[in-house]
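Here are my notes on the model you asked me to look over. I stuck to confidence, empty space and one helix pair.

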Amino acid sequence: MHSDATSARPADAPVEKATGGESLRRVAVASFIGTAIEFYDFYIYGTAAALVLNKAFFPTLDPVNATLASFSTYAVAFAARPLGSLVFGHFGDRVGRKSVLVASLLLMGLSTACVGLLPGYGTWGIWAPLVLILLRFLQGIGLGGEWGGAALLAVEHAPRARRGLYAAFPQLGPSVGFFAATGVFWLLSEAMSDAAFRSWGWRVPFLLSFLLVGVGLFVRLKISETPVFAKVRDAQEAGRVPAVDVLRRHPRELLLGAGGMIVAYGLFYTATTYCLAYATGTLGVSRTTMLGLSLVACLFLAAGTWLAATRSDGIGRRKLVLGGAGLAVVWGPALFPLLDTRQPVLIALGVGGALFCMGVIYGPMGAYLPELFGTTVRYSGASLAYNLGGVLGGAVAPLFATRLQAAFGSASVGWYVSAMALVSLGCVLALPETRERELLG
């Protein structure tokens, strides 16, 4: 399936020659901007779910159940993401990476913008939360096809010795998307009254997606197909049903790769969506303060992502992911004692430390997951592993955290984070190092 480092050089050489400096820069920018926009779309929903969707769409429920209902609509997208991986991965492995990325951007952006136009429960009654669930489902389908294509766009254009570096650009997309999403909500919270924010202000970040979709399309339509896939297409070697081939040829890589992603998702959505709801709802920290602290914490995520992704070309993907998971095991129990102090500096330290751990794990995964799979099934395999990890780590994290905190106190949520880290640690230990592998194969 894969050859060693010596045999990898001839196969990679034409790719390196085919992608000059200007082309690689354009590819890096396109993969970065696309993922930043798509994750902005995804994260504004999580922020809104923590702050306002419970009252806008579930006003008849008590506070705890309204929050759970809001997080449940948020979790719907994670259930949809593997389906998006199957659909977009199929065409990405058969038709090409570029066209599929354009389609995923359109689906994600338009479904996000429509949330901003959706009437609340007071206007549409039960239809309002039902349509909200549908739009969130479509968001998940779109994002399910986004990450794999963006990662492959960078990895399959880059020379072997710099795949980690170029994969760092799409991996920075979540950091920037989260920063932008949080920043928009922070600005709105500063600029308007609480009543105005809850009435219509929360819709503004969703409506901005109309503009961002146009920017993303402009950038993505200018890039070319990856040279690695072009070789497969020209040789007419594309598989008939790539997802079936993944299950038949790569079940181990699929399951272990998904397991390795669990803690990255768990850390992120515990430290952002759940901690935002917990700090503002239970601890009484103001919304503006908590959003500002989340902006600071996001810098830790970006730093961890860039540091680990770029260093993975020299140290190796596996070692860095294991190191990040080990840090998360230790940091989990420290997170909520820091939050419970209600001290802004310590809250920023707690959330920032969790996001730094997540970045160290997440950064190398941009190259690691694609390198686990052969060219003809790479889009499907990497996307499925990535998004199955999201179902297990991201979808359930805020729901479990809400229940655990209500039943056993905040400390139990930190131990839950550590448990997820141990699962991912074990999965990555069972995987090989991949940085010397060739991509054509």
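The points below start with confidence and then go through the pocket, the cavities and a helix contact.

1. Confidence first, since this is a predicted model. The chain averages a pLDDT of 87, with 93% of the residues at 70 or more. The weak spot to flag is residues 1–22, where pLDDT is below 50. That stretch still makes 37 contacts in the model beyond near neighbours in sequence. Where pLDDT is low, the predicted coordinates should not be read in detail.

2. Next, the largest pocket, which holds about 540 Å³ of space. It has 25 lining residues, and those closest to its centre are Asn54, Pro63, Thr67, Ala277 and Gly281. Five helices each give two or more residues to that lining: α2 (21–51), α3 (53–57), α4 (63–94), α14 (251–281) and α19 (397–408). By class, the pocket lining has 14 nonpolar, 7 polar and 4 charged residues.

3. Now for enclosed space: the whole structure has 2 cavities of 30 Å³ or more. The largest cavity comes to about 100 Å³. Thr47, Phe178, Thr272, Thr273 and Leu276 are the closest to its centre, out of 13 lining residues. Two or more residues each come from α2, α8, α14 and α15, and α14 has the largest share with 5. No charged residue lines this cavity; the split is 7 nonpolar and 6 polar.

4. What about the second largest cavity: how much space lies in it? About 70 Å³. Its lining includes the aromatic-looking names you'd spot on screen, among them Phe39, Tyr43, Tyr265, Phe268, Tyr269, Tyr362 and Tyr386. Arg81, Pro174, Met261, Ala264 and Met358 are also in the lining. The class count is 11 nonpolar, no polar and 1 charged. Here α2, α14 and α17 (344–371) each supply two or more residues, with α14 giving the most, 5 residues.

5. Last, a helix pair. How do α8 and α15 run relative to each other, parallel or antiparallel? Helix α8 (residues 163–191) packs against helix α15 (residues 287–315) at about 175 degrees, and the axes are 9 Å apart. The two are therefore roughly antiparallel. Their contact is made up of 16 nonpolar, 12 polar and 4 charged residues. Both helices also turn up in the lining of the largest cavity, each with two or more residues.

Technical notes: Residues are numbered from 1 along each chain as its sequence is written. This is a predicted model: local features need pLDDT of at least 70, side-chain atom pairs count only at pLDDT 80 or more; totals for chains, interfaces and linings use all residues. Side-chain values use heavy atoms; hydrogens and water are left out. On a 1 Å grid over the protein atoms alone, a cavity is a set of points where a 1.4 Å probe fits but cannot get out, and a pocket is an open set with protein on both sides within 12 Å along at least five of seven lines; lining residues have an atom within 4 Å of a point. Grid points are joined across faces, edges and corners, and a volume is the space filled by probe spheres set on the points. Helices (H or I, at least four residues) and strands (E, at least two) are DSSP runs, numbered from the N terminus. Ala, Val, Leu, Ile, Met, Phe, Trp, Tyr, Cys and Pro count as nonpolar, Asp, Glu, Lys and Arg as charged, and the others, Gly among them, as polar. Axes are lines fitted to C-alpha atoms, for helices over the stretch in contact, and angles run from 0 to 180 degrees between N-to-C directions. Angles under 35 degrees count as roughly parallel, over 145 as roughly antiparallel, 65 to 115 as roughly perpendicular and the rest as oblique. pLDDT is the predictor's confidence in each residue, from 0 to 100. Contact means heavy atoms within 4.5 Å.
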